Amino acid sequence: MKVLGISGSPRKKGTTAGLVQAVLDATELETEYVSLAGKKISPCIYCLACAKDNTCKVKDFMGELRQKLIDADALVIGGCNMWSTLNGLTQNFLERFFQFHHHGKSPMAGKPGIAVGVGGGSGKAPAEAINRYFQMFGIRSVGTVRTQGAFACYSCGYGNVCDVSLVQNYLDENGNIDMDFKPDLEKQPDILAAARQLGKKLRSVL
Ligand SMILES: Cc1cc2nc3c(=O)[nH]c(=O)nc-3n(C[C@H](O)[C@H](O)[C@H](O)COP(=O)(O)O)c2cc1C
């Protein structure tokens, strides 16, 4: 049994990556983890060239993922919140599942899946969006884990002075950002426990 985990955040070492990996580790099965950070995945271009043979013809990183997705017995898919919705990279990745959505039985149908959502405020929107895709592709949702990650204002360099900063309430007596407030998965044992629980649940349904 093989579980494929995908982090769709543009950040290689962010909270989405950590949470997807926590779920994978807890399955204690054979796993493969792929980060989409730095990878080029175009949106679906609606050319319909996949309709004949269920294979997308757009040449990019999705080509490397196609067979991994087909071969996986279960999927753990994580994305992050951008402008109150699922981030574009994860969205592009999921749009391209159109290639599995034509004649014949979809290779995704019936696979169990776990949705991981992360946001500086909330991971609800990305988690809900991923679960909607699961529903459309016939992926059986086994559960969802979502949490708060560190948003840009902690690391852009201007969070303590910027007009639209979200960390202005978290400054120390010197006017610097108090990093104790920075969300970090290591400070969220309940979320990590929930991720591990889901990993075990995924194993139990395979
Ligand atoms: C362009 C942009 C827009 C964002 N918009 C939102 C938002 O609307 N709501 C939210 O909760 N977080 C938002 N965030 C914050 C990210 O979701 C947050 O940093 C998250 O931790 C990113 O996931 P990662 O840690 O896996 O990289 C935004 C981040 C960026 C870069």
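How far apart do the C-alpha centres of domain 1 and domain 2 lie? In this predicted model, the separation is 30 Å. The domain assignment of the protein chain places residues 2-149 together with 184-205 in domain 1, and residues 151-183 in domain 2. Where the two domains meet, four residues of domain 1 are in contact with four residues of domain 2. The side of domain 1 that touches domain 2 offers three polar residues and one charged residue, with no nonpolar ones.

The ligand comes next. Its surroundings are made up of 20 residues, and the closest are Gly14, Thr16, Gly119, Gly121 and Gly149. Three elements each give two or more residues to this shell: α1 (15-27), β3 (74-82) and β5 (112-119). Sorted by class, the shell around the ligand holds 11 polar, eight nonpolar and one charged residues.

Helix α1, which contributes to the ligand shell, also packs against helix α5 (residues 189-205). The axes of α1 and α5 are 7 Å apart and meet at an angle of about 45°. This angle falls outside the ranges for roughly parallel (under 35 degrees) and roughly perpendicular (65 to 115), so α1 counts as oblique to α5. The crossing of α1 past α5 is right-handed. On the α1 side, the contact is made by Leu19, Ala22, Val23, Leu24, Asp25, Ala26 and Thr27. Helix α5 supplies Leu192, Ala195, Arg196, Leu198, Gly199, Lys200, Leu202 and Arg203. Taken by class, the contact between α1 and α5 comprises nine nonpolar, four charged and two polar residues.

Conventions
Residues are numbered from 1 along each chain as its sequence is written. This is a predicted model: local features need pLDDT of at least 70, side-chain atom pairs count only at pLDDT 80 or more; totals for chains, interfaces and linings use all residues. A residue is near a molecule or strand if its C-beta atom, placed from the backbone, lies within 6 Å of it. Helices (H or I, at least four residues) and strands (E, at least two) are DSSP runs, numbered from the N terminus. Ala, Val, Leu, Ile, Met, Phe, Trp, Tyr, Cys and Pro count as nonpolar, Asp, Glu, Lys and Arg as charged, and the others, Gly among them, as polar. Axes are lines fitted to C-alpha atoms, for helices over the stretch in contact, and angles run from 0 to 180 degrees between N-to-C directions. Angles under 35 degrees count as roughly parallel, over 145 as roughly antiparallel, 65 to 115 as roughly perpendicular and the rest as oblique. A crossing is left-handed if the near helix is turned anticlockwise from the far one by less than a right angle, and right-handed if clockwise. Two residues are in contact if their C-beta atoms, placed from the backbone, lie within 7 Å. Domain bounds come from an automatic or database domain assignment.
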